[in-house]
Amino acid sequence: MKRRLLIISASLVALLAVAAGYWFLVVRPGQQPQTQPNIDTSPKTNVTVGKASAPVEIVIYLDLLCPDCRRAHEQVIPRITKDYVTTGKARLKYKMLGTYGPESVAASNGAYCAHAQGKFFAFVEAGYQAQAHASGGGSGSTSDVSPFTNLGLTKIARASGVSLPAWQACTEAASYTDSILNHKKEVLATGGYGTPHFIINGKGYNGAPPYDVFVPVINAALEAAKTQPERK
């Protein structure tokens, strides 16, 4: 009897978690866009994965200093990639934000400078590993020293395998700052108020709830896309 009650309780907790995530991601008031955002399409600040002809486009806004973004990077995005991107149903477009101030902007510049060398994902992975280590979420202990100082970003860059002289020259120029700040406007245009943020076929969704919450949203976008002209 006790075991049965424990199973029922665990099931209820799981259902409540999914329901709460659905509310946070989809239902929460004021989240849908009033107008279609003017999305920057520059290849220098858009990192895409998947077929260009995929019927669903998922724009992902991340910040390397954001713990929820790290959770999405580790737990949610890989499953979306496996179930929807590798099957040709969706494509991903990554964009970096500067939500947490100057260090965020510098980290995002660093990611784009790594992208110029084909090392965007290696840099993002190294960045989230550094964040996890500093917060105690990795193998190390917590630290009061930010991993996203100039020295910290250089360590992240080195771990990602970039050519350091070219990367350092790029980050010193801070050429991507305007684009990074403009990405925030895109988020706000679709009802965004935090990180991470997702735009799925033009509609904005906040937060990083469990993967199961994304499934009906993406499936609905796939159904809606059937009535639209095919992407080319």
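**Close-up A. Pro196 sits in the loop between helix 7 (177-189) and strand 4.** The peptide bond to look for runs from Thr195 to Pro196: it is cis, with omega near -5°. That's worth a second glance, because most peptide bonds are trans. A quick word on what you're looking at: this is a predicted model, where local features need pLDDT of at least 70, side-chain atom pairs count only at pLDDT 80 or more, and totals for chains, interfaces and linings use all residues. Residues are numbered from 1 along each chain as its sequence is written, and side-chain values use heavy atoms, with hydrogens and water left out. Helices (DSSP runs of H or I, at least four residues) and strands (runs of E, at least two) are numbered from the N terminus.

**Close-up B. Two loop residues, Ala174 and Asn201, have a positive phi without being glycine.** Ala174 is in the loop between helix 6 and helix 7, with a phi of about 50°. Asn201 belongs to the loop between strand 4 and strand 5, and its phi is near 50°. Most residues other than glycine have a negative phi. As for exposure, buried means under 20% relative accessible area, exposed means over 50%, and partly exposed is what lies in between (1.4 Å probe, protein chains only). Ala174 has 32% relative accessibility, so it counts as partly exposed. Asn201 also ends up partly exposed, because its relative accessibility is 28%.

**Close-up C. Five strands make an open sheet with mixed pairing, in the order 1-3-2-4-5.** Strand 1 (47-49) and strand 5 (203-206) are the edge strands, each with a single partner, so one side of each has no neighbour in the sheet. From one strand to the next, the twist averages 20°. Two strands are taken as paired if DSSP finds at least two bridges between them. At the strand 5 edge, strand 4 (residues 197-200) pairs with strand 5 in the antiparallel sense over four bridges, and Phe198 stands opposite Tyr205. Helix 3 packs on the sheet, where it touches strand 1 and strand 3 (90-96), and its direction makes about 125° with that of strand 3.

**Close-up D. Strand 3 is largely enclosed by the rest of the structure, because seven of its seven residues are buried.** In a regular strand the side chains alternate between the two faces of the sheet. Here, one face carries Ala90, Leu92, Tyr94 and Met96, the other Arg91, Lys93 and Lys95, and all of them are buried. Strand 3 has strand 1 as an antiparallel partner, joined by three bridges, while seven bridges link it in parallel to strand 2 (residues 56-62). Tyr94 makes a handy landmark: Val47 stands opposite it, and Tyr94 is also the bridge partner of Ile60.

**Close-up E. Helix 3 (residues 102-115) and helix 6 (residues 164-173) cross at roughly 135°, their axes coming within 9 Å.** The axes are lines fitted to C-alpha atoms, for helices over the stretch in contact, and angles run from 0 to 180 degrees between N-to-C directions. Angles under 35 degrees count as roughly parallel, over 145 as roughly antiparallel, 65 to 115 as roughly perpendicular, and the rest as oblique, so helix 3 and helix 6 are oblique to each other. The crossing is right-handed: the near helix is turned clockwise from the far one by less than a right angle. Gly110, Cys113 and Ala114 in helix 3 meet Trp167, Cys170 and Thr171 in helix 6; contact means heavy atoms within 4.5 Å. The residues of this contact split into four nonpolar, two polar and no charged. Ala, Val, Leu, Ile, Met, Phe, Trp, Tyr, Cys and Pro count as nonpolar, Asp, Glu, Lys and Arg as charged, and the others, Gly among them, as polar.

**Close-up F. Helix 5 (residues 150-160) has Gly152, Leu153, Thr154, Ile156, Ala157 and Ser160 as its buried residues.** Their cover includes helix 3, helix 4 (120-135) and helix 6. Helix 5 packs against helix 6 at an angle of about 140°, with the axes 10 Å apart, which makes helix 5 oblique to helix 6. The crossing of helix 5 and helix 6 is right-handed. Leu153, Thr154, Ala157 and Arg158 from helix 5 meet Leu164, Trp167 and Gln168 from helix 6, giving four nonpolar, two polar and one charged. Just after helix 5 comes Gly161, with a positive phi near 90°.
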